[in-house]
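Reader: Before I use this model, I would like to go through its charged pairs, its cysteines and a few of its local features. Could you take them one at a time and show the reasoning?

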Amino acid sequence: MEIRKYLSERKKAVEQSLDNLVPAATGPFSKHIEAMRYSLFAGGKRVRPILCLAAADAVGVEEDSADALFPIACALECIHTYSLIHDDLPAMDDDALRRGKATSHILFGEAGAILAGDGLLTLAFELLSDPAVSVIGSDRQLEIINLVSSCAGPLGMVGGQSLDMEMEQQEFPFSTLEQIH
């Protein structure tokens with residue numbers, strides 16, 4: 001299959017899965033869910049979930065089993081979006097726009113944005129632990145949860161953001177930049 005077609009088809013499938021997996025903005029939590037969905041659906045290439053699905057394709061995961069991997073792929077996008085929401089906050093990079101649209105804290109307030117990011121991060125781990133994903137085996141599922149946790153956590157993405165903030169306005173060696181990224 002031609003790469004542009006593959007990316008386009010996978011992006012549509014990921015978008016549909018995200019729409020199905022993320023709660024609707026109704027009921028008493030509607031404003032909070034609206035903030036989560038606003039940032040999640042504000043655009044983007046969906047590279048992370050597509051790479052997750054492409055890896056499954058590359059190792060020959062059958063299509064029926066691959067469909068069960070969408071919660072994992074969507075969890076990665078939720079974590080990515082959470083990191084962008086928090087990165088845009090006034091205490092971090094203080095960005096008013098992302099992808100040409102108002103950032104979450106501009107529309108929903110700083111507390112609303114923090115909670116939207118927290119909601120997406122927590123939803124990601126709900127998706128990763130979804131019993132529907134058990135088609136890969138509970139041991140493998142637990143390995144994935146552990147790996148994603150360590151990559152996103154204090155010695156991973158969050159640690160990198162912390163180091164980025166600490167090194168702001170300072171000169172530092174290239175090795176530190178590598179750690180940040």
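Author: A salt bridge is counted here when a side-chain nitrogen of Lys or Arg lies within 4 Å of a carboxyl oxygen of Asp or Glu. The model is a predicted one, and a search of the whole structure under that rule finds 8 salt bridges.

Reader: How far apart in sequence are R10 and D57, whose side chains meet in a salt bridge?

Author: The side chains of R10 and D57 meet with an N to O distance of 3.1 Å. R10 sits in helix α1 (residues 3–21) and D57 in helix α3 (residues 47–58), so that the pair links distant parts of the chain. R10 counts as buried at 16% relative accessibility, whereas D57 is partly exposed at 32%. Along the sequence, the two residues of this pair are 47 residues apart.

Reader: Which residue forms a salt bridge with D88, and what is the distance between the closest N and O atoms?

Author: D88 lies in helix α5 and its partner in strand β1, so the pair ties together parts that are 10 residues apart in sequence. D88 counts as buried, at 4% relative accessibility, while the partner counts as partly exposed, at 25%. That partner is R98, and the closest N and O atoms are 2.7 Å apart.

Reader: Which residue of helix α5 also meets the side chain of R98 in a salt bridge?

Author: The N to O distance for this pair is 3.7 Å, and the two residues, 11 apart in sequence, again link helix α5 with strand β1. The acidic residue counts as buried, at 15% relative accessibility. The residue is D87.

Reader: How many disulfides does the model hold?

Author: A disulfide requires a pair of cysteine sulfur atoms within 2.5 Å. The sulfur of C52, a residue that counts as buried at 19% relative accessibility, is 9.1 Å from the closest cysteine sulfur, in C74, which is too far for a bond. C78 is in no disulfide either, its nearest cysteine sulfur, that of C74, being 6.8 Å away. By this rule the count comes to 0.

Reader: Is H80 buried or exposed, and which residues does H80 touch beyond those up to four places away in sequence?

Author: H80 lies in helix α5, and its relative accessibility of 14% makes H80 count as buried. Leaving aside residues up to four places away in sequence, the residues that H80 touches are R48 and R99.

Reader: What is the phi of R99, and where does R99 lie?

Author: R99 is placed in the loop between β1 and β2 (101–102), and at 40% relative accessibility R99 counts as partly exposed. Although R99 is not a glycine, its phi is positive, at about 55°.

Reader: Within what arc do the buried residues of helix α8 fall?

Author: The buried residues of helix α8 (residues 157–166) are G159, G160 and L163. Seen down the axis of α8, they line one face of the helix, because the arc within which they fall is one of 100°. What covers these buried residues includes α9 (174–180).

Reader: What is the area of the nonpolar surface patch that includes F174?

Author: F174 lies in helix α9 and is exposed, with a relative accessible area of 58%. F172 and L177 join F174 in making the patch, whose area is about 280 Å².

Methods:
Residues are numbered from 1 along each chain as its sequence is written. This is a predicted model: local features need pLDDT of at least 70, side-chain atom pairs count only at pLDDT 80 or more; totals for chains, interfaces and linings use all residues. Side-chain values use heavy atoms; hydrogens and water are left out. Helices (H or I, at least four residues) and strands (E, at least two) are DSSP runs, numbered from the N terminus. Buried means under 20% relative accessible area, exposed over 50%, partly exposed in between (1.4 Å probe, protein chains only). The arc is that of the directions from the helix axis to the C-beta atoms. Contact means heavy atoms within 4.5 Å. Patches are made of residues with over 30% relative accessible area and no salt bridge: like charges are joined within 9 Å, nonpolar side chains (Val, Leu, Ile, Met, Phe, Trp, Tyr) within 5 Å. Accessible areas come from the Shrake-Rupley method with a 1.4 Å probe; for residues, only the protein chains shown count as cover.
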